[in-house]
Amino acid sequence: MRTGTFVPGEATDAELLRAHAGGAPHAFAELLRRHNDHLWQTAVRTSYTREDAADSLQDALLSAHRTAGSFRAESEVRSWLHAIVVNACLDRIRRNKTRRAFSLTPENMPEPADERDDIARLEMSMVVDRALFSLPPDQRTAIVAVDLEGYSVSDAAAMLGVPEGTIKSRCARARQRLGERLEFLRDPGNRM
């Protein structure tokens, strides 16, 4: 690896992070280019709104930029960044201390639609997102990491800094709550 110059694919994530901590000007930008999509999706899935996700991601990236020298390589760089993003989202949720409520009335309930209807798929996604965002933040982050992001229970536990049993119980409670909130979808007439 050449100092100060990074060609995509030449340096590992850990090498880029060390180079950034050592003052290389473009190392952190290359690292973000590699992981930006994943980090954005993590922020969106963890936050209540896209605006909060954007703000949390910005806070997280600033934190990662400043604390890169403290990375101990006990996990992958991607996992380290993921944990910073999740923690920034949770911090923002705690700061906001208000939960947005969605009023479901007959006027704003989606109508049943064709199987191939793109609008219906979007509406179904919104219904599932509402159910997901109704979960407490600790349960939501656990189920997003395990069921949506595909991390193992042990990886999720390491990223979130809690024991594996805690991740398992949070996921179980989240699945139960989601099942209750989405029970109405078992009726084929309610599917979009």
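In the predicted model, Arg34 and Asp13 form a salt bridge in which the closest N and O atoms are 2.8 Å apart. Arg34 belongs to helix 2 and Asp13 to helix 1 (residues 13-21), so the contact ties together parts of the chain that are 21 residues apart in sequence. The two partners fall into separate accessibility classes: Arg34 is partly exposed, with a relative accessible area of 25%, whereas Asp13, at 17% relative accessibility, counts as buried. The assignment of Asp13 follows from the cut-off, because buried means under 20% relative accessible area.

In total, the structure holds 9 salt bridges. Side chains of opposite charge can pair when their charged atoms come close. A second such pair consists of Arg95 and Asp59, with a distance of 3.7 Å between the closest N and O atoms. This pair links distant parts of the chain, since Arg95 is located in helix 4 (residues 77-96) and Asp59 in helix 3 (residues 50-67), 36 residues apart. Arg95 counts as exposed, at 52% relative accessibility, while Asp59 counts as partly exposed, at 31%. The value for Arg95 places this residue in the exposed class because that class begins over 50%.

A further salt bridge is formed by Arg175 and Asp147, whose closest N and O atoms are 2.9 Å apart. Arg175 lies in helix 8 (residues 164-181) and Asp147 in helix 6 (residues 137-148); the pair therefore ties together parts that are 28 residues apart in sequence. Both residues are partly exposed, Arg175 at 40% relative accessibility and Asp147 with a relative accessible area of 39%. Beyond individual pairs, salt bridges that share partners join Asp13, Glu30, Arg33 and Arg34 into one network. The contact between Arg34 and Asp13 described above is thus accompanied by Glu30 and Arg33 in this network.

The helices connected by these contacts belong to a protein with 8 helices and 0 strands. From the N terminus on, the order of elements is α-α-α-α-α-α-α-α. Of the 192 residues of the protein, 41% count as buried.

The largest pocket contains about 340 Å³ of space. Its lining comprises 13 residues, of which Val44, Tyr48, Asp129, Arg130 and Phe133 are the closest to the pocket centre. Helix 2 (27-46) and helix 5 (118-133) each supply at least two residues of this lining, and helix 5 gives the most, with 5 residues. By residue class, the lining of the largest pocket divides into 7 nonpolar, 2 polar and 4 charged residues. Helix 2 thus takes part in the lining of the largest pocket and also carries Arg34, the partner of Asp13.

Aromatic side chains were also examined. Tyr48, one of the lining residues closest to the centre of the largest pocket, has Arg140 over the face of its ring, at 4.6 Å from the ring centre. With respect to contacts between rings, the count comes to 2 aromatic pairs, for which the centres must lie within 6.5 Å. A pair of aromatic rings is described by the distance of the centres and the angle of the planes.

How values were computed: Residues are numbered from 1 along each chain as its sequence is written. This is a predicted model: local features need pLDDT of at least 70, side-chain atom pairs count only at pLDDT 80 or more; totals for chains, interfaces and linings use all residues. Side-chain values use heavy atoms; hydrogens and water are left out. Rings of Phe, Tyr and Trp (its six-membered ring) pair if their centres lie within 6.5 Å; planes under 30 degrees apart count as stacked, over 60 as edge-to-face and the rest as tilted. A charge sits over a ring if NZ of Lys or CZ of Arg is within 6 Å of the ring centre and within 35 degrees of the ring normal. On a 1 Å grid over the protein atoms alone, a cavity is a set of points where a 1.4 Å probe fits but cannot get out, and a pocket is an open set with protein on both sides within 12 Å along at least five of seven lines; lining residues have an atom within 4 Å of a point. Grid points are joined across faces, edges and corners, and a volume is the space filled by probe spheres set on the points. Helices (H or I, at least four residues) and strands (E, at least two) are DSSP runs, numbered from the N terminus. Ala, Val, Leu, Ile, Met, Phe, Trp, Tyr, Cys and Pro count as nonpolar, Asp, Glu, Lys and Arg as charged, and the others, Gly among them, as polar. A salt bridge is a side-chain nitrogen of Lys or Arg within 4 Å of a carboxyl oxygen of Asp or Glu. Buried means under 20% relative accessible area, exposed over 50%, partly exposed in between (1.4 Å probe, protein chains only).
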